[in-house]
Amino acid sequence: MDRAQELNGKNTLPELLFSACKTWGPREALREYDRKSAQWQSVSYSQLATRIDAWRRSFAALGLETGDRVGILLPNGVHHVCADMAAMANGLVPVPLHAIDTPGACRFLLSDSGARILVTNRRSRWEQIRAVPEGELALRHVVLTEEENEESDADRLPLLPLANFLHLGEAFAGEPPLASDPEAPACVIYTSGTTGRPKGVVLSQANIVANVRATLHCVSPKVGDVFLSFLPLSHMFERTAGYYLALATGCTIVYNRSVLLLAEDLRQVRPDVIISVPRIYEKIYGRIRKRLEKAGVVERTFFEWAVQTGWRDFARRNGIPFDKTGAWRDGFVRAFVLPKVSQLLLSQFGGKLRIAISGGAALNMEVAKLFCGLGLPIIQGYGMTETSPIIAGNSLEENHPDTVGRPFRGVEVRLGEGDEIQVRGPSVTKSYWRRPDAVEAAFTEDGWFRTGDVGEFTPEGLLRIKGRIKEIIVTSTGEKIAPTDLENALETDPLFEQTYVVGENRPFLTLIAVLQGEEWKRTAEGLGLDPQDPASLSAPAAKTLALQRAKAAAKGFPYYALPRAVILTLEPWTVDNGLLTPTLKLKRGPLSKHFAENIEHIYARRGQAS
């Protein structure tokens with residue numbers, strides 16, 4: 001059912017939220033885990049409206065003016081929603097910071113945006129940011145949601161515990177006027193910055209509301225559906241699809257306790273909807289495959305039959321060509337095997353999951369076949385921060401996992417020079433924060449936004465992503481490889497925790513892989529190697545086996561896209577060591593520099609051998 005019409009006449013995100021609070025007052029809006037009481041705590045729509053009003057009065061009491069920026073450095077939760085929605089309702093501009101980002105990166109965003117107030121959870125986080133020497137700050141106040149004592153720091157900047165901050169609002173006379181301009185900024189949200197300093201994307205109220213409305217034309221949750229939120233609210237995908245859309249449609253958002261507890265929370269919360277990146281599905285796929293390695297021949301055979309039968313059924317419903325090998329047994333498998341195997345997968349998500357959305361990167365086709373075949377059709381979409389963010393998406397009615405579906409209603413998509421995907425529509429940003437040069441570079445002369453992605457349309461009109469223009473690897477033999485697709489495939493093997501492929505202007509590809517600790521221990525011992533000895537990572541037997549497993553994981557790729565050399569490590573790539581963006585994407589430039597000596601050694605040695 002298309003619920004977009006319910007949003008008619010509402011042009012800003014606060015209007016969507018306050019309308020929902022009136023309509024679904026006693027219904028549960030938010031749920032989060034309180035560590036002090038060791039219990040889940042719920043907030044109804046009516047209670048949420050009351051809390052947001054209290055935050056609005058407190059912002060007004062501090063003398064913040066229309067257009068002032070509000071830095072929000074908080075984990076997903078009720079406080080984040082209150083700070084964000086109250087700021088917008090008062091005509092302020094939220095600047096969501098990545099909760100796992102480094103102090104230096106947070107300082108840059110606060111300085112670049114000119115934020116007047118920072119809302120964070122602990123004083124220690126602010127002190128780490130304050131200690132960074134670069135970047136002049138315009139802050140006047142810091143609100144601390146988990147502190148109790150009111151103090152001033154060394155620069156005499158008032159530090160306000162939440163209770164004191166809200167007490168200021170209690171004395172504020174009257175009600176702050178509700179901002180209602182749809183063209184006003186809804187946020188300044190910074191891109192990940194894989195190739196340098198991040199840019200602040202200015203998205204208007206109208207941009208995001210248009211994207212919420214367009215998303216509902218594609219996927220419509222039911223009133224009361226439970227969303228489990230675990231992607232950061234500094235990520236536009238989660239903000240639009242997992243926050244604004246969920247609350248506008250009377251759903252319940254439950255905040256994951258931590259990524260480490262995600263598997264447990266899925267089983268305990270039993271969500272109806274999740275918004276995820278492919279890595280989560282790939283990890284579950286990897287766990288299932290690892291479990292099958294220990295199973296007997298009969299169990300493995302029945303599992304594969306179930307996936308094949310289920311995929312053929314899914315493909316028929318969606319008009320996708322499929323392999324008919326073994327189709328003669330589909331009736332038996334469908335009746336006696338598929339229901340039991342499907343339940344094993346669905347139980348990993350709590351047993352109620354109906355809508356599983358994937359975005360942020362390409363979904364590996366083998367992962368898609370398993371999930372879709374076993375009764376959990378992942379809906380893949382595509383977008384950019386600058387487009388609020390979703391450009392195109394599959395749906396429950398038309399789902400081709402090797403594509404990102406049809407362009408959203410109201411969004412125009414064309415292929416420009418070099419088949420670059422270019423976009424125009426109401427959800428596309430008009431500016432970057434204080435960066436007119438970036439606007440000029442991001443748009444064509446006739447006003448289309450350049451995504452930097454290479455794509456193609458299928459005969460049915462579905463959009464397929466072929467890679468990033470700047471990330472396409474062109475080998476010295478002229479072959480072109482999209483590294484992200486290959487890396488996603490490689491990470492379906494449980495041995496490879498993180499992967500990075502290099503080979504630009506080289507005769508072949510080299511795989512650099514962070515190994516999963518327990519799987520490496522088991523593998524090394526099977527090879528007669530000491531897994532604790534760093535030298536074992538360079539052992540010929542380890543490299544040979546890693547390459548064999550890499551080629552097996554990437555069996556669907558052409559021969560020239562298969563790695564022929566490997567560099568193994570146990571040191572993970574993280575935001576803190578500067579090798580991942582806050583949205584957990586590879587920083588290819590820093591990774592290339594980090595492994596430069598190893599890479600040069602491999603190609604120099606192979607060059608001498610030839």
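This briefing covers salt bridges, one sheet, one helix and one surface patch of the structure. The model is predicted. Its salt bridges number 37, and three of them are described below together with a network. The sheet is an open one of four strands, the helix is α6 (residues 162–170), and the patch is nonpolar, with an area of about 410 Å².

**Salt bridges between separate parts of the chain**

- R122 and E146 form a salt bridge through their side chains, with an N to O distance of 3.5 Å.
- R122 sits in the loop between β5 (117–120) and α5 (123–130), and E146 in the loop between β6 (141–144) and β7 (151–152), so this pair ties together parts that are 24 residues apart in sequence.
- R122 counts as partly exposed because its relative accessibility is 40%; E146, at 46%, counts as partly exposed as well.
- A salt bridge also joins the side chains of K352 and D272, at 3.6 Å from N to O.
- These two residues are 80 residues apart and link distant parts of the chain: K352 is in the loop between α13 (338–347) and β14 (355–358), while D272 is in the loop between α9 (262–269) and β13 (273–276).
- K352 is partly exposed, its relative accessible area being 34%, whereas D272 is buried, with a relative accessible area of 7%.

**A buried pair and its network**

- R549 and E519 form a salt bridge whose closest N and O atoms are 3.2 Å apart.
- R549 belongs to helix α18 (residues 540–553) and E519 to helix α17 (residues 517–526); the pair, 30 residues apart, links distant parts of the chain.
- Both R549 and E519 are buried.
- The two residues are part of one network, in which salt bridges with shared partners join K290, E293, D493, E519, R522 and R549.

**A four-stranded sheet**

- The open sheet has its four strands in the order β18-β19-β21-β22, and the pairing is antiparallel.
- β18 (412–415) and β22 (463–468) are the edge strands; each has a single partner strand, so one side of each is left without a neighbour in the sheet.
- Neighbouring strands of the sheet are turned against each other by 50° on average, with direction ignored.
- In general, strands of a sheet pair through backbone hydrogen bonds.
- Strand β21 (residues 449–457) pairs with β22 over five bridges in the antiparallel sense.
- V454 has G467 of β22 standing opposite.

**The two sides of helix α6**

- L162, F165 and G169 are the buried residues named here in helix α6 (residues 162–170).
- These three residues lie on the same side of α6, because they cover an arc of only 65° around the axis.
- On the other side of α6, the residues A163, H167 and E170 are exposed.
- An α-helix has 3.6 residues a turn, so residues three or four places apart point the same way.

**A nonpolar patch on the surface**

- V298, F302, F332 and F336 make up a nonpolar surface patch of about 410 Å².
- Helices α11 (297–318) and α12 (330–336) are the elements that give two or more residues to this patch.
- F302, one of the patch residues, lies in helix α11.
- F302 counts as partly exposed because its relative accessibility is 32%.

How values were computed. Residues numbered from 1 in each chain as written. Predicted model: local features only at pLDDT ≥ 70, side-chain atom pairs only at ≥ 80, totals over all residues. Heavy atoms only, no water. Patch = residues over 30% accessible without salt bridge, like charges linked within 9 Å, V, L, I, M, F, W, Y side chains within 5 Å. Areas by Shrake-Rupley, 256 points an atom, 1.4 Å probe, with all protein chains shown as cover. Salt bridge = Lys/Arg side-chain N within 4 Å of Asp/Glu carboxyl O. Buried < 20%, exposed > 50% of the residue type's maximum accessible area, 1.4 Å probe, protein only. Pairing = 2+ DSSP bridges. Axes fitted to C-alpha atoms, helices over the stretch in contact; angles between N-to-C directions. Arc of directions from axis to C-beta.
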